Every structure is written in structure tokens, then in C-alpha cells.
Number of protein chains: 2
Amino acid sequence: MNGKKGCVEININPSDTKTKRPEPGKNSCCREFSVKAWIQKVWEFAKEDSNRVKFSFKVGLAVLLVSLLILFRAPYEIFGTNIIWSILTVAIMFEYTVGSTFNRGFNRALGSLLAGILAIVVGQLALSAGLVAEPIIIGISIFFVGVITSFMKQWPSLMPYEYGFRVILFTYCLIIVSGYRMGNPMRTSMDRLYSIAIGGVVAVLVNVLVFPIWAGEQLHKELVNNFNSVADSLEECVKKYLEDEGLDHPEFSTTLMDEFPDEPAYKKCKATLNSSSKLDSLAISAKWEPPHGRFGHFFYPWSEYVKVGAVLRYCAYEVMALHGVLHSEIQAPYNLRITFQAEIQDVSSQAAEVVRSLGKDIGNMKRSLIKSLLKRVHSSTERLQRTIDMHSYLLTNYCDPPEINSSKPLPKLPEEADPESNGLENNTNSGTPNCTFSGSLTTAQAQPESYHELMRKQSRRMHSWPSREVDAFEEEGVNGTDFLPRMRALESTAALSLATFTSLLIEFVARLDHLVEAADKLAKMAKFKHEGV
Amino acid sequence: MNGKKGCVEININPSDTKTKRPEPGKNSCCREFSVKAWIQKVWEFAKEDSNRVKFSFKVGLAVLLVSLLILFRAPYEIFGTNIIWSILTVAIMFEYTVGSTFNRGFNRALGSLLAGILAIVVGQLALSAGLVAEPIIIGISIFFVGVITSFMKQWPSLMPYEYGFRVILFTYCLIIVSGYRMGNPMRTSMDRLYSIAIGGVVAVLVNVLVFPIWAGEQLHKELVNNFNSVADSLEECVKKYLEDEGLDHPEFSTTLMDEFPDEPAYKKCKATLNSSSKLDSLAISAKWEPPHGRFGHFFYPWSEYVKVGAVLRYCAYEVMALHGVLHSEIQAPYNLRITFQAEIQDVSSQAAEVVRSLGKDIGNMKRSLIKSLLKRVHSSTERLQRTIDMHSYLLTNYCDPPEINSSKPLPKLPEEADPESNGLENNTNSGTPNCTFSGSLTTAQAQPESYHELMRKQSRRMHSWPSREVDAFEEEGVNGTDFLPRMRALESTAALSLATFTSLLIEFVARLDHLVEAADKLAKMAKFKHEGV
């Protein structure tokens, strides 16, 4: 901490990994180093998205252009001091994307126009009412314009025009008040409207003609990214679920709950869940944009993007639930999980592939044959279901295993699991149903770990749930009759956690249908090209 | 649709139920009726939250007060035309809550100050550079201020101060340009700063002294509402899951996917999931507020509210997953669900009670003994686990049922399920394992529906998943050997859907611990009073 004294430290978020650079050296050279690091950070930030730099230079250009109007003598002599309103307009109107600049410009223009008309009407009315009544009428009108605009902008369907109402309020006040003081409100408002129009035109022209940043393009990219995040996150989650042997679960603590440093895709998936408002606002902006680039026809279905995003979010909820099972404190034993490894892996990687190629298709504005991929996922899902069905006795701890081998062939299982069915039969046929994971635990013979060690681990995990429960166990449980049934219940629930995981995975696949449907509707409405046609 | 012609129709959202009032009468009287309805709508909107009206009148009052400065002669003569900047400041600065007004005022003040200082320095520099160089220096400086402020406001940690950077930009331009044209930038900027200060003071005073709307209070209420939404939604979901017999599931269509009209709490729970940005911004605003009302000490832990909200959201994810199981197309048969009715009901209602009383405690700023409630939930959860464990053979379709009755007593089960265990034993002992829901379906004998009817229903439901699969079945499935194993797999998964539901419920309970912990931390830091102390 000492070595950081005096360093430039812009990023106030301590969890940001970028700020955690090693900073060698003493206090004397710290400043140089940190300035260097700081410049590099800024450079990386700019390189990450070149639009950021473009946008900055565009703003500079726009204010420079509008300032020239005043710096040169000619335009200043025509409009007088009112020309400074064009600067204000540029600074307030200039937004990141073309669409939102249009939107803001529309709000500003319409607001100014309405306020101008209202101010002129009320101003004339007040003027004709006589010297005493004039300020009273003006004051009352200002009060009511304030009340009405503020009330209206809270109305849900008018909320997007909040800025317009603000413009109405201050433009009205400015025109009517300066009209009262300076006379000739008509002239004042016209001059002001002209200079606002000049500012607006400059802002729009610079925004559209110099490296335009289209909201539509952003929306398009954002949706494709969301597809990739969901696919990555699904794969990551399943991979971790099947990998996680011997690792102790990090405590599910409240401080940690939002951060799993080894799961980068999870973070992105969470961002996807919170992206609804971003997609909404981009779609609103995109609707203001004229056809451009690859979005070449009028009435491009931007709102369909929002709908596809919503369906995708429903898929992401399942991924969150899967993630919940992965990090829950009740865990199916590793041997049980590994039994279904191949099937789970198949389903998840194929489902992720469907999501990814849907995203790719939307990204390339093409329609490819997703149906065959979808069919593959469905058959893999079926295989998973069948495998679970055949081995469902593993999920319970009471029953004798049925005569699987004699009656029907086992579906293909992963190699590690293959010797299991025999070992299992030997074990359970000879022993009594003794309420352990007889099926899964016997596979431990093939593993380096001893049976007892595994059992100990198992029971420790069981005990760790629920956190408060541990005390309860110690208080009343261990001393007698109550303990064993409890342990059994926890064991059974632990095994059923695998059932939960697969059910959620299957539900994810079921939702894929709707995702494909939504993407298909978008492709139709946006007239994506068929691949190879 | 015809009858609506010419009606005032403010609410553009067609799904809003409020707009769907019956509108009798013809075109001639439609106008009157709709105006009446419209007024009533506005009245209801205002009554729903009286702060809306208060806020509107406060804005009116603030602009009126500041306009009086110009309408009266004295202040106008001191400040001249620059006084109109105070109107602009009020209109732009006046926000809904006290905290955000302070925040915005801070941005405005600091931005204006920095811009003023910079403008004066650069202005003097340009002045000393000579007549030719002066406009060039000014132009270049404007360009770079535009570029730098626009770049900086995109930096993640500076984003909350976006408005401040805008203020810097336009204030700088205004001062330096009008200084160049009108001479004496010092005088211009001082006058402007004074009038901005006057506007700011008026805005703050009105906002704080007249019916103050505190962001802290809003945050407090919002969090309590979120607790109630999650509790309601959990109960609603479980109730529907256990009730849903005979009802056909509405198709899980993409258009419907966001709206279940008979589930009001679900909508609220979804709103909770999207509330993170709202809580964040309220907490940011609340930090600007002085101690007030019941939040009577400095450094009140507003950020803890956000943390509790995050933990609560993690609980809500589980509710969403439960909801997913409720509406998934693979469903456990009703008879199976009803078997565990009492236990599921117990757990869910007690868990909802914990959530609700946590919310109530926070609402009343008290600390009560949640631990006893939590213990009750845990023991109910254990009972659920044990019951599932005892009956886990119901979730599989291969095994012979164990000798439950002989070895250990059955835990308490609902009355409908009681005759089941016998019927089930008879059935499965006599028959071969024929891969139907032997356990659950035999209970159908007690139900009015015939076994076959139920079976038909069951299989129709099974078939409906996955939607695309139906064709596949018809193409290749029905004609032979492949069909039966598939059906079996679907049946087993259907039964495991109950396991999923209960696992998710148990996971919800596990997360309650963390919720209680987070709420406890908040209670400590905010110094809530112990109940009865």
C-alpha cells in the first residue's frame, strides 16, 4: 500500500484486475511508473473499442464547428448573442449513436417548438391584459407549465420523452421571461430557434457523416455477443460440474457470491441477464436511424432483436440455475456425476453449438440449416434421458437394481462407467440394501482413492449443508437414533441433485426450440439470405 | 377498434390492462366517455403514489420562485440577462429525490467551476498571444476540451459523472466564446456562476424543504417490496404446482413467455430481478443525503441495502427456476406431486414466511428472532428430504419397492397419499417391472379419473415435448422397436421433474441462510433496535 502513495489511480473499483499490476520500485520512481501504467491503461481502453476515440473526436469537431460561427464575424452579426444557444444544443444533443442523437434532436426540436408557440400565445395574452396583470399571468403560467410537464414525464408511456419535457419547461421559461424583460418575444424565440436549429444540424451532420456509430449495428453486435456468452457459460458450467473432483468448493459466502474468478463466461452470462434495458434503449435508438450498411431496407425489425434477446434470457435463466446446482452445497458424488459424463457432455456441447451457430447466423445475416443441429441435440437429450432412466436406481438408495443386463442392452456409457454395472450388480446382489450410494461408490475401486476416504469426504460434504444445520446435528443428532435417517435423507437429496442438473439441462434444450423459432422469425422479417442460395 | 376512433389514448402499451376498460356507446359519446376514463386514469395514477403530484408541484414552485427574480425589477438590474441561467439550472437540476438533486447540483457546480477557471486561464493566455493567434488558440482549446471530456466520460468509473463532463464542455465554450466576443470573460463567468448558484440554491431548498422525497426512504421501501415479491412469488408458484390438475398448460409460446396473467406475483418477481440498477442508483443518491427521519445517523450503510438486494436476487433466481419447472412441458404426474404436497407446502410457506418477516424487520428497522423461524424451515426441509428419500422409488420406474412398512415408520404424508403405499406394493410386487409410473399411477384408483384416461393424458403430455420431436416420433418412432424405450425415457424424466422442483426448493432454503446473514449485517451496521428491548 505504501508504494502506491501519490500514484494516479483513476479506476476506483478495487476488484478490477487491470489495476492490479505489479508496481516495482520505491516512492521516488513510483510516479513515473504509475504515469506510464496509466497511459497504457488509457491506451488499452481506447484500443478495446475504437469507437470511443472516434466519438470523442467527433464531439470535439462538432463544438469546434459551432464555435467558428461565433469566432467568425459574419454569423455573429446576424444572430447576435443568441448564437451561443447553438453551442449549448450541440453539447447537450450530441450522443454516442446516430439514432439516439436523432431521438434527442427530435425531443429538443419538438420541445422547443411547442414551448415557443405556447410562450408566444401566453405572452401576447399577458401583454393585452395590462401592466399589472402581465407579470401575474406570466408567473402563474410558468408554475402550471412546470407542474404539468413534470407530471406528464412520470407517465410510463411518456418516460422516453423525459428530456423533451425538460426542454419544454426551460425553453418556455426562457422565452416568456426574456420576452417580458426585453420585449418582442417573437423575435427572441425565433432567433433562439434558429440557433438551436443550427446547433442541431451541426450535431446531426457530424454524427452521421464522420465515422457514424449506428445504434442498429451496436444492437446487432450486442445480441450476437449475448448468444456467445450464453453458449460459453453453459459449456463452462457443465465442464466444471464434471471436472470438479477433489476440489473443495469455495464457501458460498455473500461477499464471494457475485465473483467466481475462474469462471469468466459466468460473468458475461450475468451481464446478459441484465442487458434487457440496454437492448431496449438501443432498439429505440435504432428505430430512428435511416437504412444504412447491411441493414438496407426500411422498417427493419429492430424490435424483433429485443424479443430474441428476451427468449435468450430465458435460456440464460436455466444456465443460472445450472450454475446454482454447480455451486450448491449439496452435491452429487463425483462418481455418480462421472457416470453420465459422456451424455451430459454431448448434450451441453451440442446445445452450446446450436446457440453459437444461431448467434453466428444472426451475425452474418444468413439462414443456415439449424434444424439438423437441433435434431442432433434432441437425440442426444433423449439418450441422456434414457441413460438416466436405465440408471435411475443410482439416484435412490433403497432399491435392488433390476436385471438390466439380461432384459435389455445398456445404452452406450463412458468408459470409466463401463465396469461399473458389473461391479454394482455384484455388490448389491450380495449385500443388503444398506442405504449408501452402492452403485456409484463401488466404482471407487477403480479410482486411486480408497472407499473409506471417499466416504469420509462424502459425509463431510453432506454435513456442510445447511450451514446452520451443522450445529443442530452436533446438538441433538449424533447421539442416537435420529442421526442415521437424517444422513440418509441428505444422501438421497445429494444424489437427486444430479437429477436436478440434468433436468435443468433438458429444460435448456426444450427452450432452444423457442430460441430457434424466435431467431427464425427475425431472419424472415429481416430478410436474411439463405446460406448457399 | 372502431369505437376507439378519436379517443384520447395516452397509454401506448397495448398489453396494459388498465387501458382495457369496457367502452360502451357509439362514436358520438365516445369522446366524453374516454375523457372521463382518461381523467380517472390520471387520478388513479396520481393516487397510486402521492409523491408524483408532490414532485410536480415542487417543480412548478421552483421555477416560479426563480422566475420571480426576473419578474421583479431589483434582482434583474443587478445580474442582467445572465439571470436566465438560474432558470436553466433549476429546470436541469431538479430531480425526483433529494439525493439525486444534490448529486446533480454537485456535478453542475464543480463542472461550472472547473470550466470557469479553465476558460479564464485560456482566455487570458489567448488574449496575450495577439489578435491573430487569439481565435486560433480558442478554437483549438475548444476542440481539445470536447475531445478530452467526451473520452473521460466513457471511462467506467467516471460514468456516474457524465453530466458533469457535459457541463464542463458547454460552460467552457460559452464562457470563452462570449468572453472573446463581449470582452471581460471574468465578469461574464462570475455573473453566470452567481446565477447558476442562485438556481442551484433555489432547486435544493425547494427540494429539501417542501415535502422532501428522500432517495434513502425510496431505497428502503423498494428493498422491503422486493422481499415481499419474492415471498409472494414463491408461494404462488408452489401453490400452482400443487393445484394444477386437469388444467392444460398454456402453450409455452414466445409471445406469451413474459406474461402469465394469472400470476401477478411472478411479474413482481421478474421486476425484482431487473431492479439491480434501480437499487444502485437509489443508493448512490441516498449517499448524498444528510441524516433524516428514521435514518438518523451519519454514514448510514446504504451500500448494504444493495448487497442484501443482490443476495435476495440470488434467491429470486431459484424462484425463476421453480417457475421454469412449473411451466416446463415435461411434468411430473399430478399424483406424484400430490404425494409430497404437505411437505412441499410446509417448506414453501415457512420459507416465504422467513423472507416476509425479514422484509418486515427491515421495514420496521427492528431485529427480531428470525433464527427460530429459520430452524423451523430447516426441519421442514429435512422432513421433505426424508420423505423423498423414503419414496424415492416413485421417481424411478425400474425397481421393486423396498419393505418400507416393515423396517421403519413412514413419515407423515397427506391423506390422499396414504392408501398409496399399500396399493403400490401390491401392484409392483405382483407385476413385472413394466416401466410405467407404477407407484404414482396406482393411486389413480382413488381418483375419479380412470387409469386409462390418465395414462392417455400423461402420454399426450409426454409427446408434446420437445415440440419439434413430435414430428420425429411420427416419422420414425411409432412404427416399432424404438418407440417404447423413448417413451420410457420421457416418463422417467417427467418423474424426475418433481425431484428437480424439490431440489430447487431446498436450494432456495439453503440460500435463505445467506439472506438472513446479509440482513443481519445490515441490521448491525444500521443499528436496528432489538425487538422488545
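These exercises work through a helix contact, two loop residues and the cysteines of a predicted model.

**Exercise 1. Helix packing**

Classify the crossing of helix H9 and helix H10 of chain A, and list the residues that make the contact.

*Solution.*

Step 1. Locate the helices. H9 of chain A covers residues 215-243, and H10 of chain A covers residues 264-273.

Step 2. Take the geometry. The two axes come within 8 Å and cross at roughly 135°.

Step 3. Classify the angle. Angles over 145 degrees count as roughly antiparallel, and 65 to 115 as roughly perpendicular. The crossing angle therefore makes H9(A) oblique to H10(A).

Step 4. Add the hand. H9(A) passes H10(A) in a left-handed crossing.

Step 5. List the residues. H9(A) contributes Asn226(A), Ser229(A), Val230(A), Asp232(A), Ser233(A) and Glu236(A). From H10(A) come Pro264(A), Ala265(A), Tyr266(A), Lys268(A), Cys269(A) and Thr272(A).

Step 6. Sort them by character. The contact of H9(A) with H10(A) has 5 nonpolar, 4 polar and 3 charged residues.

**Exercise 2. Positive phi in chain B**

Place Phe211(B) and Lys527(B), and decide for each whether buried or exposed applies.

*Solution.*

Step 1. Start with Phe211(B). Its phi is positive, about 40°, yet the residue is not a glycine.

Step 2. Place Phe211(B). It sits in the loop between helix H8 (185-209) and helix H9 (215-243) of chain B.

Step 3. Check accessibility. The cut-off for exposed is over 50%. Phe211(B) has 52% relative accessibility, so it counts as exposed.

Step 4. Turn to Lys527(B). This residue is not a glycine either, and its positive phi is about 55°.

Step 5. Place Lys527(B). Its loop lies between helix H21 (483-525) and strand S2 (529-530) of chain B.

Step 6. Check accessibility again. Lys527(B) has a relative accessible area of 61%, so it is exposed.

**Exercise 3. Cysteines**

How many disulfides does the structure hold over all chains? Examine Cys269(A) and Cys237(B).

*Solution.*

Step 1. Count the disulfides. The structure holds 0 over all chains.

Step 2. Examine Cys269(A). It is in no disulfide, and the nearest cysteine sulfur, that of Cys237(A), is 9.0 Å away.

Step 3. Check burial of Cys269(A). Its relative accessibility is 0%, so it counts as buried.

Step 4. Move to chain B. The closest cysteine sulfur to that of Cys237(B) belongs to Cys269(B), at 9.0 Å. That is too far for a bond. The cut-off for a disulfide is within 2.5 Å.

Step 5. Check burial of Cys237(B). At 2% relative accessibility, this residue counts as buried.

How values were computed
Residues are numbered from 1 along each chain as its sequence is written. Chains are lettered from A and ligands numbered from 1 in the order in which they are written. This is a predicted model: local features need pLDDT of at least 70, side-chain atom pairs count only at pLDDT 80 or more; totals for chains, interfaces and linings use all residues. Side-chain values use heavy atoms; hydrogens and water are left out. Axes are lines fitted to C-alpha atoms, for helices over the stretch in contact, and angles run from 0 to 180 degrees between N-to-C directions. Helices (H or I, at least four residues) and strands (E, at least two) are DSSP runs, numbered from the N terminus. Angles under 35 degrees count as roughly parallel, over 145 as roughly antiparallel, 65 to 115 as roughly perpendicular and the rest as oblique. A crossing is left-handed if the near helix is turned anticlockwise from the far one by less than a right angle, and right-handed if clockwise. Contact means heavy atoms within 4.5 Å. Ala, Val, Leu, Ile, Met, Phe, Trp, Tyr, Cys and Pro count as nonpolar, Asp, Glu, Lys and Arg as charged, and the others, Gly among them, as polar. Buried means under 20% relative accessible area, exposed over 50%, partly exposed in between (1.4 Å probe, protein chains only).
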